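Reader: I am a first-year student, and I would like to look closely at one part of a protein model, taken slowly and with each term explained. Please begin with a single helix and work outwards to whatever surrounds it.

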Amino acid sequence: MDSLFPLPDRIELAAGAVLLPGAGLAEQALLVSALESVLALAPPRHMVTPGGQSMSVAMSNCGRLGWVSDRGGYRYQSTDPDTGLAWPAMPDCLARLARSAAARAGFEGFEPDACLISVYTPGARLSLHQDKDEENVAGHPLVSLSLGLGASFQLGGLARADKPLKVPLVHGDVLIWGGPSRLRYHGVAALPDGEHPMLGRRRVNLSFRKAG
Ligand code: SIN
Ligand code: FE2
């Protein structure tokens, strides 16, 4: 939805946590078509947690490494467990956006080798967690692009019990968290129903990482 008031193009939410509202809009058609071609090769699936629960968010990956969860735990691996094939390559337009967004947030030289794609349908949610399966957590930020339906992102603190800040994320928004914010807990509240002109009844989050 268009805002009546001009939005700032860079909002520092906390030290090392920066929101770039609408940073993906200029190239939205290219980004969405790159996303759909990745999902055609590696369809999103509901992974199982180590505890045996099926996640409400369906996930896929592109890039050299992909994040997976199963009964054995969480890890990155170079192949899609559903097909045994390498994950689809990371499309240039996505890697370029991640790089430039990181630089705008103060993290020069970010070179993602993994992009976790999370597909939310109405009701899907992601409980508070830290992203810490990457090899050098301290050295690289996370860059997250949201497409499709809007969601309420929860940016927590460094302790699970810290009260999260609610950050509404809409189509085209890019959120970066690194440095002193890199290990903040975060999650996504249950997705409200809706229909997005480009993505239908879906929210898709692309989370770029330097994993290996
Ligand atoms: C994630 O934590 O990996 C996904 C966050 C989001 O969907 O915005
Ligand atoms: Fe995460």
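Author: What follows starts at one helix, goes on to its surroundings, and ends with a metal site.

The model is a predicted one, in which local features need pLDDT of at least 70 and side-chain atom pairs count only at pLDDT 80 or more, whereas totals for chains, interfaces and linings use all residues. Residues are numbered from 1 along each chain as its sequence is written, chains are lettered from A and ligands numbered from 1 in the order in which they are written, and side-chain values use heavy atoms, with hydrogens and water left out.

The helix to begin with is α1, which runs over residues 28-41; helices (H or I, at least four residues) and strands (E, at least two) are DSSP runs, numbered from the N terminus. With its 14 residues, α1 spans 20 Å from its first C-alpha to its last, close to the expected 20 Å at 1.5 Å a residue, where the expected span is 1.5 Å times one less than the number of residues.

Which residues of α1 are buried? They are L31, V32, A34, L35, V38 and L39, where buried means under 20% relative accessible area, exposed means over 50%, and partly exposed is in between (1.4 Å probe, protein chains only). Seen down the axis of α1, these buried residues fall within an arc of 160°, so they line one face of the helix; the arc is that of the directions from the helix axis to the C-beta atoms. On the other side of α1, A29, A40 and L41 are exposed. The buried residues of α1 are covered by elements that include β3 (58-62), α2 (92-104), β6 (114-120), β8 (142-148) and β13 (203-209).

One of those covering elements, α2, is itself a helix of 13 residues that reaches 18 Å between its first and last C-alpha atoms, close to the 18 Å expected at 1.5 Å a residue. In α2 the buried residues are C93, L94, A95, L97, A98, A101 and A102, and what covers them includes β2, α1, β8, β11 and β13. Just after α2, G106 takes a positive phi of about 100°, and this glycine is found in the loop between α2 and β6. At 56% relative accessibility, G106 counts as exposed.

The elements just named also meet in a nonpolar core, that is, a set of buried Ala, Val, Leu, Ile, Met, Phe, Trp, Tyr and Cys residues joined through side-chain atoms within 4.5 Å. In soluble globular proteins, nonpolar side chains tend to be buried together. The largest such core has 33 residues, of which I117, V143, L145, L206 and F208 touch the most other members. Elements giving two or more residues to this core are β2, α1, β3, α2, β6, β8, β11 and β13, and α2 brings the largest share, seven residues. L206 touches L35, L94, C115, L116, I117, V143, S144, L145 and L147, leaving aside residues up to four places away in sequence; contact here means heavy atoms within 4.5 Å.

Strand β2 (residues 17-20) is covered on both faces, with A17 and L19 buried on one side and V18 and L20 buried on the other. In a regular strand the side chains alternate between the two faces of the sheet. Strand β1 (residues 11-14) is joined to β2 by three bridges in an antiparallel arrangement, where two strands pair if DSSP finds at least two bridges between them. I11 stands opposite L19 in β2, and in the hairpin of β1 and β2, which has two residues between the strands, G16 takes a positive phi near 85°. β2 also pairs with strand β11 (residues 174-177) in the antiparallel sense over four bridges, and there A17 has W177 as its bridge partner.

Finally, the iron ion (ligand 2) has as its protein donors H129 (NE2), D131 (OD), D131 (OD) and H186 (NE2), lying 2.1 to 2.6 Å from it; donors are N, O and S atoms within 2.8 Å of the metal (3.2 Å for Na, K and Ca), and water is not among the atoms, so sites may look incomplete. Along the chain these donors follow the spacing H-x1-D-x54-H. H129 lies in strand β7 (residues 126-129) and H186 in strand β12 (residues 186-188), so the pair ties together parts that are 57 residues apart in sequence. H129 is partly exposed, with a relative accessible area of 22%, whereas H186 is buried, with a relative accessible area of 4%.
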